[in-house]
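Biologist: Please take one part of this chain and look at it closely, beginning with a single residue and working outwards to the elements around it. I would like one connected account that also says where the model should be read with caution.

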Amino acid sequence: MPIQTSTVLKSRASRTQPFLALGCLLAACTLPAATFAADNPGAHEHGHARLQLAIEKNSIDLMLTSPAYNLAGFEHEARTNEERNRLAEIKQWLNTTPLVNVDDASCRITAAAVELGGEDTDDTHGHDHHGDDEKASHREYDVSQQLQCQGMGANREFRSALMEKFENLEELTVEWVSQSGQGSARLTPSNRAFTVSH
Ligand SMILES: [Zn+2]
């Protein structure tokens, strides 16, 4: 089945409440998703990123919010072919690699959307000064994926390919809600796994 861009995830209401919209994809918004939405929505700290998961049976809706620096190594507009290729490669990877997976790698992407904040908002062609202005100096990735995983029993251990792929990523905060509750974990290069009981 071809990967399709999810219009549902793309049309979420606002940047500051991504997980509220994400949670509402699940049955009747019964999960306590709003808990996460109010938690420091504007944080942008290089080296740190946040991954939010909504887990229901064999389905996972996830959202990654990360400074572009963590993935690309820069946040300005791509100026060289090398930089453009780098962004294209990252986008391709984010569209095709499940950001979490179980040991037997049974999770598959059924929908994905990748946005690089600030990408198309300013037309700076013809501008003379090359200093990044305040608005353009920081950019973030917003990545949504829907996954289908086989055999999601209780207490499944997950890993995130992000920690292996991107060496600028020093700490990944993972937060999840499932039908049995919510939890969180902090992944680092030396601690790449987390366990969800559900
Ligand atoms: Zn930044």
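**From one helix residue to the sheets**

Modeller: Asn-95 is partly exposed, because 16 other C-beta atoms lie within 10 Å of its own; a residue counts as buried with 20 or more other C-beta atoms within 10 Å, as exposed with 12 or fewer, and as partly exposed in between, the C-beta atoms being placed from the backbone. This is a predicted model, in which local features need a pLDDT of at least 70 and side-chain atom pairs count only at pLDDT 80 or more, while totals for chains, interfaces and linings use all residues. Residues are numbered from 1 along each chain as its sequence is written.

Asn-95 is found in helix H5, where helices are DSSP runs of H or I with at least four residues and strands are runs of E with at least two, both numbered from the N terminus. The C-alpha atom of Asn-95 is separated by 8.4 Å from that of Val-143, although these positions lie 48 residues apart along the chain. Helix H5 (residues 81-96) lies across E4 and strand E5 (140-148), running at about 145° to E4; axes here are lines fitted to C-alpha atoms, for helices over the stretch in contact, and angles run from 0 to 180 degrees between N-to-C directions. The confidence of the protein chain is highest in H5, at a mean of 98, on the pLDDT scale from 0 to 100 that gives the predictor's confidence in each residue.

The strands E4 and E5 belong to an open sheet of six strands with mixed pairing, in the order E4-E5-E2-E1-E7-E8. Strand E4 (108-116) and strand E8 (181-187) are the edge strands, each pairing on one side only, and neighbouring strands of this sheet are turned by 15° against each other on average, direction ignored. Two strands are taken to pair if DSSP finds at least two bridges between them. Strand E1 (residues 48-56) and strand E7 (residues 171-178) pair in the parallel sense over seven bridges, with Leu-51 partnered by Val-174 and Leu-53 by Trp-176. With E2, E1 runs antiparallel, again over seven bridges, and the partner of Ala-54 there is Asp-61. The hairpin of E1 and E2 has two residues between the strands, and Lys-57 takes a positive phi near 55° in it.

E1 is mostly covered, seven of its nine residues being buried. The largest nonpolar core has 34 residues, and Leu-51, Leu-53, Leu-62, Leu-64 and Leu-172 have the most contacts inside it; such a core is a set of buried Ala, Val, Leu, Ile, Met, Phe, Trp, Tyr and Cys residues joined through C-beta atoms within 7 Å. Among the elements that give two or more residues to this core are E1, strand E2 (59-67), H5, E5 and E7, and E1 gives the most, with five residues. Leu-64 touches Ala-49, Leu-51, Leu-99, Tyr-141 and Val-143, not counting residues up to four places away in sequence, where a contact means C-beta atoms, placed from the backbone, within 7 Å. Val-143 thus appears in the surroundings of Leu-64 as well as opposite Asn-95 in the C-alpha distance given above.

Apart from this sheet, three strands form an open antiparallel sheet in the order E3-E6-E9. Strand E3 (101-102) and E9 stand at its edges with a single partner strand each, so one side of each is left without a neighbour in the sheet. E3 and E6 pair over two bridges, and Asn-101 stands opposite Arg-159 in E6. The loop between E5 and strand E6 (156-159) holds Gly-151, which is exposed, with 9 other C-beta atoms within 10 Å. Its C-alpha atom is 8.3 Å from that of Ser-106, 45 residues apart along the chain.

As for caution, the protein chain averages a pLDDT of 78, and 68% of the residues score at least 70. Over residues 1-18 the pLDDT is below 50, a stretch with 24 contacts in the model beyond near neighbours in sequence. It also stays under 50 over residues 119-134, for which the model has five contacts beyond four places in sequence. Where pLDDT is low, the predicted coordinates should not be read in detail.

Key
Two residues are in contact if their C-beta atoms, placed from the backbone, lie within 7 Å.
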